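Dear colleague,

Please find below the structure that I am handing over to you. My findings are set out after it.

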Amino acid sequence: MAGCVARRALTVGSRWWSRSLTGTRGPRPFPASAGPTAYPSLLSFSVACSFSFLIRNRPEGKVLETVGVFEVPKQNGKYETGQLFLHSVFGYRGVVLFPWQARLYDRDVASAAPEKAENPAGHGSKEVKGKTHTYYQVLIDARDCPHISQRSQTEAVTFLANHDDSRALYAIPGLDYVSHEDILPYTSTDQVPIQHELFERFLLYDQTKAPPFVARETLRAWQEKNHPWLELSDVHRETTENIRVTVIPFYMGMREAQNSHVYWWRYCIRLENLDSDVVQLRERHWRIFSLSGTLETVRGRGVVGREPVLSKEQPAFQYSSHVSLQASSGHMWGTFRFERPDGSHFDVRIPPFSLESNKDEKTPPSGLHW
């Protein structure tokens, strides 16, 4: 690869990135700022064949701090607990807690099949076969949260709170799910390289291991006790006019309200602009079918109070929301309406997905289980 050069720039949160591929040999460390400030942080990283470095410019005194060295991303296999990484899309630093094996239903690569008539679940579409895909439960470095808050929620993993209020939710800040291809692994000599209140509670530094952070019994116990409410099982993906929509539904549990059972789900949605044209999300249109036989239509401006702009510099936006049904299962599907700079609009399909409950687990957690 000697002499090869490729360069691109993109904005992640409030930061500017520059990525280059060169034939330079030898590992080089990447520095980073000590924490978020009121000013944008300048980041650039250069991947030299199998070696990398990252530079983050800290406004106060323009000081650079070395925090680690990039590793070669894994094409096969899984990352281990304790693996440090940089998110390739949203740019935050994080650490892997444990993997999930999900079923990915990618409608973009589905085999050509005859279109079906619209069924009671509301979507007429081709058969899609799921394939195994690895995701990871991760912790986000608290120093990076302010930089990504406009592009990705940092309190998106929510749980049902207590039995007194069937609608009460609580979140664990800085907990996320990351796809295998979004992991840019790196190493660090810092014994506490990620700032998160759960880092030292979940992980123990052991310099004899690779990576040098191993799971404490606390992490194993937390994973086991909260497995039904954390588990990622199905991922749905579809692209319309170069806008890719990825949906991940999670069952949250059941609550009793006014002598009836209310089943709750959260769903995480990621929007990605695969083109260079600027577009803005203007409206959402949902259809929600319940096993009880009801079909609900929901329309509104934007999502979670925002109308995000997707551009070449900031191509992605991720958010989470919730839905409840008075039935143990259902389906959701719909469209997002986007606007082009010339004022024209187009609709982007939201891939249909099932809402399934875990009938073996009737009582969701009433607090953080350790």
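The notes below cover confidence, the nonpolar cores and one buried residue.

This is a predicted model, in which local features need pLDDT of at least 70 and side-chain atom pairs count only at pLDDT 80 or more, while totals for chains, interfaces and linings use all residues. Residues are numbered from 1 along each chain as its sequence is written, and side-chain values use heavy atoms, with hydrogens and water left out.

The chain has an average pLDDT (the predictor's confidence in each residue, from 0 to 100) of 79, and 73% of the residues score at least 70. Over residues 1-55 the pLDDT stays under 50; for this stretch the model has 150 contacts (heavy atoms within 4.5 Å) beyond four places in sequence.

The largest nonpolar core (buried Ala, Val, Leu, Ile, Met, Phe, Trp, Tyr and Cys residues joined through side-chain atoms within 4.5 Å) has 62 residues, of which L230, L232, I269, W286, F336 and F338 touch the most other members. Buried here means under 20% relative accessible area, with a 1.4 Å probe and protein chains only. Beyond four places in sequence, the contacts of L232 include W100, Y135, I248 and F250. A second, separate core of 14 residues includes Y79 and Y136.

N273 is buried, with a relative accessible area of 7%. Its side chain reaches the backbone nitrogen of D275 at 3.0 Å, and a polar atom of the N273 side chain lies 2.7 Å from the backbone oxygen of D277. Not counting residues up to four places away in sequence, N273 also touches N242, I243, V279, L310, S311 and P315.

With kind regards

Key: Buried < 20%, exposed > 50% of the residue type's maximum accessible area, 1.4 Å probe, protein only. Polar contact = N/O pair within 3.5 Å; in protein donor to acceptor, adjacent residues only side chain to side chain.
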